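Let's take a walk through this model together. Please keep the viewer open, so that you can turn to each spot as it comes up.

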Protein chains: 2
Amino acid sequence: MNTNKRTEISTLGEFGLIKHLTSGITLGNKESLSGVGDDAAVLRFDNNEEVLVSTDLMMEGINFDLTYFPLKHLGYKAAMAGFSDIYAMNGNPKQLTVSLALSKKFCIEDLEDFYDGLKLACAQHGVDIVGGDTSASVTGLAISITVIGTAPKGTVVKRNGAKVTDLICVSGNLGAAYMGLQLLEREKIATADKDVQPDFAGKEYILERQLKPEARKEIIEKLREENIMPSAMIDISDGLSSELMHICKQSKRGCRIYEERIPIDYQTAIMAEELNLNVITCALNGGEDYELLFTVPIADHEKVAAMKDVRIIGHIVDESMGLALITRDGVEMELKAQGWVTTEEK
Amino acid sequence: MNTNKRTEISTLGEFGLIKHLTSGITLGNKESLSGVGDDAAVLRFDNNEEVLVSTDLMMEGINFDLTYFPLKHLGYKAAMAGFSDIYAMNGNPKQLTVSLALSKKFCIEDLEDFYDGLKLACAQHGVDIVGGDTSASVTGLAISITVIGTAPKGTVVKRNGAKVTDLICVSGNLGAAYMGLQLLEREKIATADKDVQPDFAGKEYILERQLKPEARKEIIEKLREENIMPSAMIDISDGLSSELMHICKQSKRGCRIYEERIPIDYQTAIMAEELNLNVITCALNGGEDYELLFTVPIADHEKVAAMKDVRIIGHIVDESMGLALITRDGVEMELKAQGWVTTEEK
């Protein structure tokens, strides 16, 4: 919440507020014919392009806690989560619409902050804001973001194309956003009702992963440059285990991934240690990393192994073999959407 | 809420629930390449088509009250509200995505009801459900609907094209949905904590207008048949006054509408009388009618006057003349977004 200056939304009214927030927004993509201010945005696409549409609904108290989540960051993150879905289809995000439901606790300055974050994310990824709407809410804040993107005909990558022997790859590192969230929750409790400043020293990276995630555009660009066409792809919003299960289920395959190959940042490991959590569990099940998980034919091994910020973590096997993680000591554990169990325990 | 049978959502889990609700959904439009079950829907449009995108966010306690709003009707209405936005651009709705945020009070049967209504509306308007998502909510229900539609290149009708002397037309009748809402609210209070059945006799029409609105596809079709191209169009979701102000503001024009020309159903009039409300105020400011408000060149007067279920209620004038309603006794009153004042009172 903005505490410096507070202008009530009622001073502008609903229509005035939308106009105020969206003033100065220009359309940069040739596909965007007209945007905010009518019953619908008007777009036009080449028929050599496939059009991708993804919607996300984020709720206060479930998806974010405004006690420690600045509204500018929230706008940025909401946009990035939407872009990430389009990149996960091997597309490029082009347009975004946003609807906000607001309770009375919000003022105009809060909304300006949110839109600043949204606009920053859009500018960085070349996305036009083509629709904006606000309405009332009796409770907290609800944010609905729809992102539209394009991909040249025939280049869309879905979840269902993984083949046996394909390599399983992941960008960046995992579990950091979840650890950032745990840290924020801990400091929220520690500093409640007290004149104590939260202690974030040496933990900047995991905080940034939670508060300012980045959609992995450059990974998609690099794959294109290297002429690597993933056979299946998904973004990691719910955790590696869960996303890997989506790919395997929809591709009708199994998988083997290796504990020692899972990319983890040292700040993530230290934070897990501090909180007495198993870091691999955090990496497997922690959400909101917005990294890309994809499979490539084994013929691309050399190329993908040389890619910066991409790690090969395992391979696709026959469906009958199930989904498993191989631990450092060679034990095979069945992967579950949340956590895992040893195959003996089944 | 479903009171007969209650299966907790936890028995299926989030992914199981989506799969259950969207099973049996098939894609009928050639533009829909793939739908539910990936990071984004995949669509392809002809480059002779303009693509329309509209998003709506509906919140429990603000946009609907589940005490008297059955979930099947809510699904139907949410879809219709989205279709209405696309018709208001002179387009045809083709695809829909839906995101729901659910609190623990909802069971699987509730969601089935909601989807039944949604599917019924989609079937009636030839719309494919291409995305579905559910998440948690700490409070009430939030519904986000995105509708995508198309219109042949050059046929999109926006809000900003009204010219001086253009006729102002409205479909159907106004104020009925608002009167239906007032009735439901009255009976909710009257029957609370008592073993009393609500009394809806002779009020079926206004109830239906609130609980089962219809997007006016046939008006759009009729306009095309008659070769009438509106110069501006909008759907009446917030009330005639407010929508007329949008058209006039964006077209930089004024308007004159006539009290005696405003279409009102007799049930709306009787209900207003019963509740001691001015029926014209209700027709001007009552929302959720989902009728179409449009302007046509005066040369189309004969054709539009002969159209079934369309009424000419006034005409566009120069911006300097402002927006006014002419009462039955010839007094000119300034139109306001909510209500109106006599021009002398200004």
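Asn47(B) is the residue of chain B that comes closest to the rotation axis, with its C-alpha at 2.7 Å. What does that axis do in this predicted model? A rotation of 180° about it, with 0.0 Å of shift along it, lays chain B on chain A with an RMSD of 0.0 Å. This is how a two-fold axis relates two copies. The two copies also use the same surface: 100% of the contact residues of chain B recur in chain A.

From the axis, let's move to the space inside. The structure has one cavity of 30 Å³ or more, and the largest cavity holds about 40 Å³ of space. Which residues line the largest cavity? In chain B, they are Leu71(B), Leu100(B), Leu102(B), Phe106(B), Asp110(B), Leu111(B), Phe114(B) and Leu141(B). Two elements of chain B give two or more residues to this lining, namely β4 (92–102) and α3 (108–125). Helix α3(B) provides the largest share, three residues. Sorted by class, the lining has seven nonpolar residues, no polar ones and one charged residue. With Asp counted as charged and both Leu and Phe as nonpolar, the charged residue is therefore Asp110(B).

Two of the leucines in that lining, Leu100(B) and Leu102(B), lead us on to another residue, since Thr134(B) touches both of them. Thr134(B) sits in strand β5 of chain B, which covers residues 128–136. Leaving aside residues up to four places away in sequence, Thr134(B) also touches Glu14(B), Leu17(B) and Ile18(B). Is Thr134(B) buried or exposed? Its relative accessible area is 4%, and because buried means under 20%, Thr134(B) counts as buried.

Now hop over to chain A for a look at the rings. Over all chains, there are three aromatic pairs. One of them joins Phe114(A) and Tyr115(A), whose ring centres are 6.4 Å apart with 65° between the planes, an edge-to-face arrangement. Planes over 60 degrees apart count as edge-to-face, so the angle of this pair places it in that class. Both partners, Phe114(A) and Tyr115(A), are buried.

Further along chain A, find helix α9, residues 279–285, which contains Thr281(A). Thr281(A) has a relative accessibility of 28% and so counts as partly exposed. Between Thr281(A) and Leu335(A) there is a separation of 54 residues in sequence, and in space their C-alpha atoms are 11 Å apart.

Last, a word on the backbone. Most residues other than glycine have a negative phi. Where does the model depart from that sign? One place is Asn276(A), a residue other than glycine with a positive phi, near 60°. Asn276(A) belongs to the loop that connects α8 (266–274) and α9 of chain A. With a relative accessible area of 73%, Asn276(A) is exposed.

Another positive phi, near 55°, is found at Lys252(B), again a residue other than glycine. Look for Lys252(B) in the loop between α7 (240–251) and β9 (253–258) of chain B. Lys252(B) has a relative accessible area of 56%, and because exposed means over 50%, Lys252(B) counts as exposed.

Methods. Residues are numbered from 1 along each chain as its sequence is written. Chains are lettered from A and ligands numbered from 1 in the order in which they are written. This is a predicted model: local features need pLDDT of at least 70, side-chain atom pairs count only at pLDDT 80 or more; totals for chains, interfaces and linings use all residues. Side-chain values use heavy atoms; hydrogens and water are left out. Copies are superposed by least squares on the C-alpha atoms of residues with pLDDT of at least 70 in both. Contact means heavy atoms within 4.5 Å. Rings of Phe, Tyr and Trp (its six-membered ring) pair if their centres lie within 6.5 Å; planes under 30 degrees apart count as stacked, over 60 as edge-to-face and the rest as tilted. Buried means under 20% relative accessible area, exposed over 50%, partly exposed in between (1.4 Å probe, protein chains only). On a 1 Å grid over the protein atoms alone, a cavity is a set of points where a 1.4 Å probe fits but cannot get out, and a pocket is an open set with protein on both sides within 12 Å along at least five of seven lines; lining residues have an atom within 4 Å of a point. Grid points are joined across faces, edges and corners, and a volume is the space filled by probe spheres set on the points. Helices (H or I, at least four residues) and strands (E, at least two) are DSSP runs, numbered from the N terminus.
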